[in-house]
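Please look at the sequence and the model shown below, and keep both in view while you read the explanation that follows.

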Amino acid sequence: FTYSFTTTIAILVISCPCALGLATPTSILVGNGKAAQNHILYKGGEFFELANKIEVIAFDKTGTLTVGKPVVTDYIGDEGALSYLYSIEKESTHPISKAVVEYSLDKDLKTYEVSDFETVEGKGLQAMIENHLVLVGSVKLLEDHKVDYKEHKEAYEKLLNEAKTVNFVVIDKEVKALYGVRDEIKKSTPLVIAEMKKRGLSPYMITGDNHIVANQIAKELGIENVYSEILPHQKAEIVREIQKQGKTVAFVGDGINDAPALKLADVGFAMGHGTDVAIDSSDVTLMSHDLGLVIKAIDMSKATLRNIYQNFGWAFSYNLIAIPLAATGNLSMAVAAAAMAFSSIMVVLNALRLKTFKLPEFEVENTIK
């Protein structure tokens, strides 16, 4: 009885799955903590498994590849139309609208009462001001309203070739002015794109900007796959198209328009300075303007998954050796208890090694002013 009892207890003690129970949660806990120290927030465990499989990373342009703070660089046309432009733009929260408002603040402008204000998805704004129909937006908006802009075509193309987003100011179907907006590329972006290519990841750019502007920005960054003049709902469709090619797709964005694509992508990265909708739709939130966090998040998740596998390897090996020893009476209760504790400690210590994992650094100055 004594032999049977001590052998049974030794088997129970040694097979207690403490190490297996600790293998995953401890690694994820330490990995999450290390990521949080580097301004990366994971929302679930799925990303740890998917990180190794990512083949394509698609980026929105504004606020992701670029600083996200557009500045009005040129205003060409009727100065009187600037008051109408200011009056309508201050009703919008779009980054370009904020740039126009900032541009207008130091000028002595009238503020008109705006009625029937409407945002035209992916194209611009329209409203009634002083009984005049005012349109502010891209060429697409002008085409929808059959507005002729031939007189301004030369200025329009000049601004486009300078990689500037161009919008028109139209009053009663007559173009009164146009203005150019430039959103500078983040200093870390070229480094991140180059690092992605070294790792065999394919960068894509999906943007609502004019194809000339988009291609110019893409050329500066070395991105070959560019989708331009894309409406918000089409971003998700493009992500689906890439997935149909059998590729695992990550999407990086920050705006309301990016939410469907962030949700549909295998992994969604939201920039922390973006909208709440984008953050809620993502799997990973990057709490900084630094695009290098995308690479850091992937590296951290790979290291965490590798650590989990190491813990499982140790726990299984320990059980495979120790249980037969206990079953054959070659392991006392005291030794079995010590071995179980040692196994659990080893798993925790291995997980803590993640704290020493070094993430890549992209040494650039912050471009946000």
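The paragraphs below take up a strand with its partners, then a pair of helices, and then two loop residues.

This is a predicted model, in which local features need pLDDT of at least 70 and side-chain atom pairs count only at pLDDT 80 or more, while totals for chains, interfaces and linings use all residues. Residues are numbered from 1 along each chain as its sequence is written, and side-chain values use heavy atoms, with hydrogens and water left out.

Begin with strand β2, which spans residues 56–59; strands (E, at least two residues) and helices (H or I, at least four) are DSSP runs, numbered from the N terminus. On one side of β2 lie V56 and A58, on the other I57 and F59, and all four are buried, so that both faces of the strand are covered. Here buried means under 20% relative accessible area, exposed means over 50%, and partly exposed lies in between, with a 1.4 Å probe and protein chains only. Strand β2 runs parallel to β9 (residues 202–206), to which four bridges join it, and V56 stands opposite S202 of β9. Strand β2 also pairs in the parallel sense with β11 (residues 249–253), again over four bridges, and there the bridge partner of V56 is V249. Two strands are said to pair if DSSP finds at least two bridges between them.

Turn next to helices α5 (residues 81–89) and α6 (residues 95–104), whose axes come within 9 Å and cross at roughly 130°. Axes are lines fitted to C-alpha atoms, for helices over the stretch in contact, and angles run from 0 to 180 degrees between N-to-C directions. The crossing angle makes α5 oblique to α6, since angles under 35 degrees count as roughly parallel, over 145 as roughly antiparallel, 65 to 115 as roughly perpendicular and the rest as oblique. From α5, the residues L82, L85, Y86 and E89 meet S97, V100, V101, Y103 and S104 of α6, where contact means heavy atoms within 4.5 Å.

Finally, consider the backbone angle phi. Most residues other than glycine have a negative phi. K146, which is not a glycine, nevertheless has a positive phi of about 55°; this residue lies in the loop between α7 (139–144) and α8 (153–161), and K146 is exposed, with a relative accessible area of 74%. K173 likewise has a positive phi, near 65°, and is a residue other than glycine. K173 is placed in the loop between β7 (165–171) and β8 (174–182), and K173 is exposed, with a relative accessible area of 51%.
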